[in-house]
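Colleague: I would like to go through this model with you. Tell me what each term rests on.

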2 protein chains.
Amino acid sequence: MKQIIILIFISAVTTSFSQRDFAKDSTMIRNIFNESLEKGHAYEDLRSLCKDVGARISGSASAEMAIHWGKNKLESYNFDKVYLQEIMVPHWVRGTKEEGWYKTPDDKLHKVNMLALGGSVGTNGTMSGEIIMFQNREELQEADPAKVKGKIVFIAQPMDQKMINSFRAYGACYPIRGHGAVDAAKKGAIGVIIRSLSLSEHDHAHTGTMKYEDGVKKIPAAAISTNDATTLEKIIKNTNGTLDFIFEMNCEKLPDVKSYNVIGEVTGSVHPDRIITIGGHLDSWDVGEGAHDDGAGIVHSMEAVRLLLSQKYKPKHTLRVVFFMNEENGNMGGKSYAKIAAEKKEYHVAAIESDRGGFSPRGFDCDGNEENVLLLQSFADYFEPYFLHHFKKGYGGVDIGPLKDEYENIALFGFVPDSQRYFDFHHNHNDVFENVNRRELHLGAASIASLIYLLDNYL
Amino acid sequence: MKQIIILIFISAVTTSFSQRDFAKDSTMIRNIFNESLEKGHAYEDLRSLCKDVGARISGSASAEMAIHWGKNKLESYNFDKVYLQEIMVPHWVRGTKEEGWYKTPDDKLHKVNMLALGGSVGTNGTMSGEIIMFQNREELQEADPAKVKGKIVFIAQPMDQKMINSFRAYGACYPIRGHGAVDAAKKGAIGVIIRSLSLSEHDHAHTGTMKYEDGVKKIPAAAISTNDATTLEKIIKNTNGTLDFIFEMNCEKLPDVKSYNVIGEVTGSVHPDRIITIGGHLDSWDVGEGAHDDGAGIVHSMEAVRLLLSQKYKPKHTLRVVFFMNEENGNMGGKSYAKIAAEKKEYHVAAIESDRGGFSPRGFDCDGNEENVLLLQSFADYFEPYFLHHFKKGYGGVDIGPLKDEYENIALFGFVPDSQRYFDFHHNHNDVFENVNRRELHLGAASIASLIYLLDNYL
């Protein structure tokens, strides 16, 4: 049965393929790339977002500034409508105190580079306790509570270097950051520290979201740099005595606050009711400048539509650029956007997200039905001159994900850039404008613009 | 006729393809990548070459140190033979003085970031003259000599941002750097300055080799940073009066000196007489640390063979790692290597070069006959899990190029990494270890090791 369906889909795509004007499409795509590489705005727009606004965690004053920035920027380009969509977002603040040390059995203190995980409670003054190390989450979950009680859990698991796609290595360690505090608290621990989620050995700690569970004690959670984690692990393995961890953090969760998704629309000339959403997230963590995560996605989305308009292209579908708020710690922007769309009975046909950095483009993932995947794959030849080769079933993105719950047949596309350097910068002080390359960023914007053009014509 | 030959080649490749053990080969390649990503030496070896030796222009003391370094490193791995191959190389020195300014009509001085081009004569004290700007080499070649005589030529042509492969943009501007001084001198100019060959706007000047011609006056030649060139071009275009350029350089060419290619061999277990050469160039320019150009190629080559040996793999062919000397300004290493090989009647079947930086691997070029190109393309499936997709007829490399003059049917392969960032670092102060990413470098070494393995079995 499945085979028959595939055959029908292939036939459908082939038919539409035979109706394509490959030369005309290729010329349009070439012009899009030329405009982006020679006269693109993405890099300077990103500089402005990083330097004029900076880091912009949900609920902060800088997130408000980012909304202002986004609305102004969209208004400066030729969108038909620019507006804000009100949402409520969590408001967690890092506070003013954030320091950690470990103490070896011979009483020597070593200061670590440490960041509280987003959402963590504070230590309520100085907290100290004996370290108990686990190699991974499973080992912790199977531990004897008597051995963990009153201690500070250290989960040493590194991201797996062998993974070629670095997001797979991240995905495998993600639950440690997200659920380590709950796992540890269930065994009676008073705090938890994890090895930063990064594939490189360096001195910056990487933050990121974590969760508590109703009925489980909330204990403070922090990440230490990979260099610190490697050293600490070695010392623990080579020491018979016990080591203490001492830290102070006064981070806290405040009441939710009002915030906004920022939206810019170009009305479709043929199907104004059919919407293609293109987005990234406007919020970032509160360290660095959110350059790759996800300033790149913000400027990619806005620039992709600007590139199309620069070619005097009149989109058939309504193109809606969305700067989602609060992807990092709650996804209230993405969830609200999908919910409001369904309530308004909007007709959403496709969505594209860029949230994997501003690196050299490799292709697109498609989270959709087989027809959608085949359609994406039928575009491969258009992208060959630009060295994009990845067109596969895969993941769309956190922000656009909730649309799938409301629209069964929507085609979600995730922009896939080269992933090797992403976790050098992810959620840390190094995620700054200087670590983004202009050409790589602009090739990404042109790739997304080209996909929009093809979807607008062949969806 | 040609079609028949292609068909025969396809048939030959298909036959050999059907004899392949895809699962066994894939497992070997997976193990090579695992070893490289988890326990690879390339990054630390590159750190050592960059920090313990540093920049290493042919004929310098640091080039001698690099030879010492290379021999020691090869001896530390399990090569059957390590030896030096004596060659003569040019010896150009930058000297102690290198400064440039332009002076606007209202007598304001602007200092520029400038580097003498490699091979240039000095200015013999301070040289100054009126600037005459040309947009490109052709404009200069067609100029009225009366208008150029006694002036300093500025060739303003930028690299073409529209090229997707940055090496194509470089290739188009390469003659400006190489022949600009001759072109300008033929018109009576006293000096020439060019816009640095880079795709990014920044403050570092990029050096590189240039040539003089017998019977044409040798005039000093330098490159100014892209930022300086952009500003200077704007001022010239917006000014009615004349601008002067003032510079001093005491670079000079000294007599040729003795130097060496450094060679490490693993003797073939089945065809010890058939040689596969794997190489990069040991020399660099005298600024930065020669990290991407071509420290990456040096450690790629050595590490690729180490990776194979780490898997207890016994190569059938003799694998010869060559650290070529003097690629940058004469290619005496590459030329001598091919000449000596032919004199010794060695049997060379293939050569692989890495000289396009240590970035994320994209594939390989093949400079060979159609059978060789088809063979390379038949390997594509092996590389798909590692995101390598480029397997095309193309360029091998400067060092291995001369082998083709001696061995008509040799298969030359050029390693192709992502090219977007290469000309940010090429020949300038920024080409340092810190700008190389460990995972990108190690994926490259594993890719080259995998190609060697496949060639060793299916060539």
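Colleague: What rotation and what shift along its axis superpose chain A on chain B?

Modeller: A rotation of 180° with 0.0 Å of shift along its axis, at RMSD 0.0 Å. The fit is by least squares on the C-alpha atoms of residues with pLDDT of at least 70 in both copies. The two copies are thus related as by a two-fold rotation axis. Keep in mind that this is a predicted model: local features need pLDDT of at least 70, side-chain atom pairs count only at pLDDT 80 or more, and totals for chains, interfaces and linings use all residues. Residues are numbered from 1 along each chain as its sequence is written, and chains are lettered from A and ligands numbered from 1 in the order in which they are written.

Colleague: Which residue of chain A comes closest to the rotation axis?

Modeller: His389(A), with its C-alpha at 3.5 Å.

Colleague: How do you know that the copies meet through the same surface?

Modeller: 100% of the interface residues of chain A are also interface residues in chain B, so the surface is the same. Contact means C-beta atoms, placed from the backbone, within 7 Å. Chain A gives 21 residues and chain B gives 21 residues. On the side of chain A, helix H2 (22-39) and helix H15 (438-458) are the elements that give two or more residues. Helices are DSSP runs of H or I with at least four residues, strands are E runs of at least two, and both are numbered from the N terminus.

Colleague: What makes the buried residues of H8(A) line one face of the helix?

Modeller: They are Thr226(A), Asp228(A), Ala229(A) and Leu232(A). Seen down the axis, they fall within an arc of 155°, so they line one face. The arc is taken from the directions from the helix axis to the C-beta atoms. Buried means 20 or more other C-beta atoms within 10 Å of the residue's own; exposed means 12 or fewer; partly exposed is in between. Lys234(A) and Lys237(A) are exposed on the face turned away.

Colleague: How does the span of helix H4 of chain B compare with the one expected?

Modeller: H4(B), residues 61-76, has 16 residues and reaches 23 Å, close to the 22 Å expected. The expected span is 1.5 Å times one less than the number of residues.

Colleague: Which residues of H4(B) are buried?

Modeller: Ala63(B), Ala66(B), Ile67(B), Trp69(B), Gly70(B), Lys73(B) and Leu74(B). They cover an arc of only 165°, which puts them on the same side of H4(B).

Conventions: Two residues are in contact if their C-beta atoms, placed from the backbone, lie within 7 Å.
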